[in-house]
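The following account proceeds from strands to rings, then to charged pairs, and closes with a single histidine. Please keep the structure in view while reading.

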Amino acid sequence: MTFALACSSKKDDSPSGPSGAGAGQGSAGAMTGAGRGNAGSSASGTTGAGGSGARGGSAGTASGGARNGGESTGGTAGRGAAGDSVRGGTSGREPSGDAGAAGGDVEPIVCGTDNCHYVRADASGSGDGSTWTDAYPELPKMLTRAHVYFVASGEYPAHDFDDAPSGDARIRIVRATAADHGTSSGWDDAYAAGECLFGELAFKRAGYDFEGRGALRVAGDFQGTVVRIAGDATHFSGVDVDGGFLMSEGKHTSGACTGMEISGDDVVVSGNRVHDIADDGVVVGGNSRLRFEGNEIDRLMGCGTDGDCGPCDNGHSDGLELYAVHDSEFVGNFAHDIASTSTFFFGNWADELGDGPADYCENILLANNVLYNPDTGFVVYLEDVRGVTLVGNTIWGQHQGRYGGLAVGVN
């Protein structure tokens, strides 16, 4: 195993800075080494204050579904990319260097004569998707390449994205906001204000942009996986991935086993929250060139067959579990409140159950993440991985834990 390690300075007593109230700015993170500033919530999104160390401030969050705007400063650790109104400037990849540029507003989508379509659960018009009055009541089973689908508030069923490719043409699914909703024909600002809720989503083919803009939730089924991304070059952002875990008399009775499964190449997953899951938050396997950035993973319950808590396999919750992943980056994420195992776990079964070194992870970057796991003290586990770089992360367990915060296995 080879890895490079750059540590942050000593932390204060909180893994993140508090959120700003109302329309105010979020304050900088409390920790001197890898602080995280969260923007205050407002309808237009306000500027996120920069983190005091390795991580920049987060973008403003939408209130009432109106806008997921708000500029955010880039990461102070160097090479931070410019942000936009969907997400703030990204954290840097190296321990020194220039900060990323501040984010700015995204321009509204410009629709052509027939390339934008409209989806509204309670629409009562013709249902041809041409205006908000005549909107589709749900996403059509088959979508058209190089087209945009605006989605209003409402409740929608599960959907499989399995549309035939057409060169490099993509399909874009966008949560409609007051500022960006395509045609004004039949539009009402109330369509941006209510909850937008989907059942489980599966991206089976390549070339989708799914943009929740901080105002869309996907709910998991009992024993299910909330979001599956098998298609290459899928971009998934700004979504509340909700496992909906519930227990009764000590048993798992409702909600998903897994938050997300990612197996496609060249996937980007950014600005989402994955939470209330029986077992693993995000499982990544057999893929390359994943960019996993600015996501939050929390409330993983460690509930499964081990301990007879429920039907999910073993129930050893990991925030992120990786196996046979190559050339990928995990930047600026926040994992916490994990009941069972680890915030970040490299699968350690390649030699016993897989193809040995061929199934090792390779060339993995972990930068500017806050990985906080006082429940077990077992925060990051490195095994069966070659070429992992850790830069500017806060790896936080507990002094009385049975494990160390960073554990390095064989190979």
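Which residues of strand 3 (residues 148-151) lie on one side, which on the other, and are they buried or exposed? In this predicted model, Val148 and Phe150 occupy one side of strand 3 and Tyr149 and Val151 the other, and all four are buried, so that both faces are covered. In a regular strand, side chains alternate between the two faces of the sheet. Strand 3 also has partners in the sheet. Strand 2 (residues 116-119) pairs with strand 3 in the parallel sense through four bridges, and Cys116 has Val148 as its bridge partner there. Strand 3 and strand 6 likewise run parallel and are joined by four bridges; in strand 6, Val174 is the bridge partner of Phe150.

Aromatic rings come next. Across the whole structure, a search finds 19 aromatic pairs. One of them is formed by Phe345 and Tyr381, whose rings are stacked, with 5.3 Å from centre to centre and 15 degrees between the planes. The angle is under 30 degrees, and therefore the pair counts as stacked. This pair links distant parts of the chain, since Phe345 belongs to strand 25 and Tyr381 to strand 28 (residues 380-382), 36 residues apart. Both Phe345 and Tyr381 are buried. Elsewhere, ring pairs connect Tyr156, Phe161, Phe198, Phe203, Tyr208, Phe210 and Phe236 into a cluster. Tyr208 has a charged neighbour as well: the charged end of Arg145 sits over the ring of Tyr208, 5.0 Å from its centre.

Charged side chains form a further set of links. Side chains of opposite charge can pair when their charged atoms come close. The count of salt bridges comes to 16. Among them is the one between Lys204 and Asp160, with the closest N and O atoms 3.2 Å apart. Lys204 lies in the loop between strand 8 (201-203) and strand 9 (208-211), whereas Asp160 lies in strand 5 (residues 159-161), so this pair links distant parts of the chain, 44 residues apart. Lys204 has a relative accessible area of 47% and is partly exposed; Asp160, at 41%, also counts as partly exposed.

Arg205 forms a salt bridge with Asp162, and the closest N and O atoms are 2.9 Å apart. Because Arg205 is in the loop between strand 8 and strand 9 and Asp162 is in the loop between strand 5 and strand 6 (171-175), the pair ties together parts that are 43 residues apart in sequence. Arg205 is partly exposed at 34% relative accessibility, and Asp162 is partly exposed with a relative accessible area of 34%.

Where does the salt bridge of Glu329 with Arg291 place its two residues? Glu329 is in strand 23 (residues 326-331) and Arg291 in strand 20 (residues 291-293), 38 residues apart. Their closest N and O atoms are 2.0 Å apart. Glu329 counts as buried because its relative accessibility is 18%, and Arg291 is buried with a relative accessible area of 19%. Salt bridges that share partners also join Glu195, Arg217 and Asp242 into one network.

Finally, His336 lies in the loop between strand 24 (334-335) and strand 25 (342-346). Why does His336 count as buried? Its relative accessible area is 15%, and buried means under 20%, so His336 falls in that class. Neighbours within four places in sequence aside, His336 is in contact with Glu296, Ile297, Asp298, Arg299 and Tyr372.

Note on methods
Residues numbered from 1 in each chain as written. Predicted model: local features only at pLDDT ≥ 70, side-chain atom pairs only at ≥ 80, totals over all residues. Heavy atoms only, no water. Buried < 20%, exposed > 50% of the residue type's maximum accessible area, 1.4 Å probe, protein only. Contact = heavy atoms within 4.5 Å. Phe/Tyr/Trp six-rings, centres within 6.5 Å; stacked < 30°, edge-to-face > 60°. Lys NZ or Arg CZ within 6 Å of the ring centre and 35° of its normal. Salt bridge = Lys/Arg side-chain N within 4 Å of Asp/Glu carboxyl O. Pairing = 2+ DSSP bridges.
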